[in-house]
Each structure stands twice: as C-alpha cells, then as structure tokens.
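Please read this report alongside the sequence and the model. It goes from the overall fold to the sheet, then to the helices and a few single residues.

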Amino acid sequence: TIKQFVREWSEEGKKERDKTFLPIIEEFLHHFPTPKLPNGEAVKVLVPGCGLGRLPFELATRGYSSQGNEFSYFMLIASNYLLNLTQKKEEFLLSPFIHNFSNNFTEEQPFKKILIPDIFPADMLHPGTDFSMTAGEFCEVYN
C-alpha cells in the first residue's frame, strides 16, 4: 500500500500514472464526452480494483458520477485517510523503498523520500461531486 501511494498520489508517480490512467480516461472521454447523457442523467462509471482511488477520483473531478471498488482493506483504509483527512498538498513524507536493497541503481535509492499527496483532494472535488468508494469483492458487491 505504501508503494502504491507513490504511483497514485505523488509527483514521482505521475509518469507511470499518465501511461496507465490517461489512455483509460481518454477512451472513456471519447465514448462519453460530457458527464450527462442526452436525457440529462449523469454518466456513471465504476472502477473495480481501484487501489487508492486515484482513477475514479480523476473521473469525478471531470464531473462524472464515479465509484471505486476495492477488496483490500489496506488500500481502503489508506485511501479513506488520504481522500478525507488530509489537510494540504504534500502533507506526508514517506520512505516507501526503505526495505528494498536489491535492484537499486544507487545506494541512496532505498532512502528516497516521497511527499504525498501531489494535490489536495478537497480542492479538486466541488460541492455536488458524486464520488465514492465501496469495499468488497467486485462480484459479491455488484451481484
């Protein structure tokens, strides 16, 4: 979960996020260019296995009704804290690689410190934004 913070909620993870999340977002926007259907209903998107919630968060910031689903309570507890209890951008300093001493290019790499979150989530979600996370195994929750 701590390494997932790097990918989803740090400036250092932006390159990897852009490679994985942007194609999904772009394809989604191609099919649903506006957050409302022609009949006025909201476009709803469900993101199974959403980890720390960055992908459904990004869709919600674009005005879509977005729900993330995650099975791991470690991810859910961490995402809840980050999304609901942080007070500012780059509030927390992590050393996510401190226990990795193999496959490093330099001796300093395991000691790299990462600031999270790269944005302040509360600044991005406006009143009326429909964004939520749900816990549980996908097939059981959405049966």
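Along the sequence, the protein chain follows the pattern α-α-β-α-β-α-β-β-α-β-α, with six helices and five strands. Helices (H or I, at least four residues) and strands (E, at least two) are DSSP runs, numbered from the N terminus. This is a predicted model, in which local features need pLDDT of at least 70 and side-chain atom pairs count only at pLDDT 80 or more, while totals for chains, interfaces and linings use all residues. Residues are numbered from 1 along each chain as its sequence is written, and side-chain values use heavy atoms, with hydrogens and water left out.

Taken along the principal axes, the C-alpha atoms of the protein chain fill a box of roughly 60 × 30 × 30 Å. Of the 143 residues in the protein chain, 36% are buried. Buried means under 20% relative accessible area, exposed over 50%, and partly exposed in between (1.4 Å probe, protein chains only). Among contacts with a separation of 6 or more, 64% come from residues 24 or more positions apart; contact means heavy atoms within 4.5 Å.

**The sheet**

Three strands form an open sheet in the order E1-E2-E5, with parallel pairing. Two strands pair if DSSP finds at least two bridges between them. Strand E1 (44-48) and strand E5 (131-135) are the edge strands, and each pairs on one side only. From one strand to the next, the twist averages 20°.

E1 and E2 run parallel and are joined by five bridges. Leu46 has Gln67 as its bridge partner in E2, and Pro48 stands opposite Asn69 in E2. On the other pairing, strand E2 (residues 65-70) and E5 are also parallel, over five bridges, and Glu70 has Ala135 as its bridge partner in E5.

How do the side chains along E1 alternate? Val45 and Val47 point to one face and are buried, whereas Lys44, Leu46 and Pro48 point to the other and are not. E2 is mostly covered, since five of its six residues are buried.

**Helices on the sheet and against each other**

Helix H3 (residues 54-61) lies across E1, E2 and E5 and runs at about 175° to E2. H4 packs on the sheet as well, touching E2 and E5, and its direction makes about 155° with that of E5. Axes are lines fitted to C-alpha atoms, for helices over the stretch in contact, and angles run from 0 to 180 degrees between N-to-C directions.

H4 (residues 73-85) also packs against helix H1 (residues 2-9), at an angle of about 45° and with the axes 11 Å apart. H1 and H4 are therefore oblique to each other. Angles under 35 degrees count as roughly parallel, over 145 as roughly antiparallel, 65 to 115 as roughly perpendicular and the rest as oblique. The contact is made by Gln4, Phe5 and Trp9 of H1 and by Met75, Ala78, Leu82 and Leu83 of H4. These residues divide into six nonpolar, one polar and no charged. Ala, Val, Leu, Ile, Met, Phe, Trp, Tyr, Cys and Pro count as nonpolar, Asp, Glu, Lys and Arg as charged, and the others, Gly among them, as polar.

**Single residues in loops**

Most residues other than glycine have a negative phi, and most peptide bonds are trans. Two residues that are not glycine have a positive phi here, as the table shows.

| Residue | Phi | Loop | Relative accessible area |
|---|---|---|---|
| Glu90 | about 55° | between H4 and strand E3 (92-94) | 37%, partly exposed |
| Asn103 | near 60° | between E3 and E4 | 75%, exposed |

A cis peptide bond joins Ile116 and Pro117, with omega about -10°. Pro117 sits in the loop between strand E4 (114-116) and helix H5 (121-124).

Is Gly136 buried or exposed? At 16% relative accessibility, Gly136 counts as buried. Gly136 is in the loop between E5 and helix H6 (138-141). Leaving aside neighbours within four places in sequence, Gly136 is in contact with Asn69, Glu70, Phe71 and Val141. The C-alpha atoms of Gly136 and Leu76, which are 60 residues apart along the chain, are separated by 9.8 Å.
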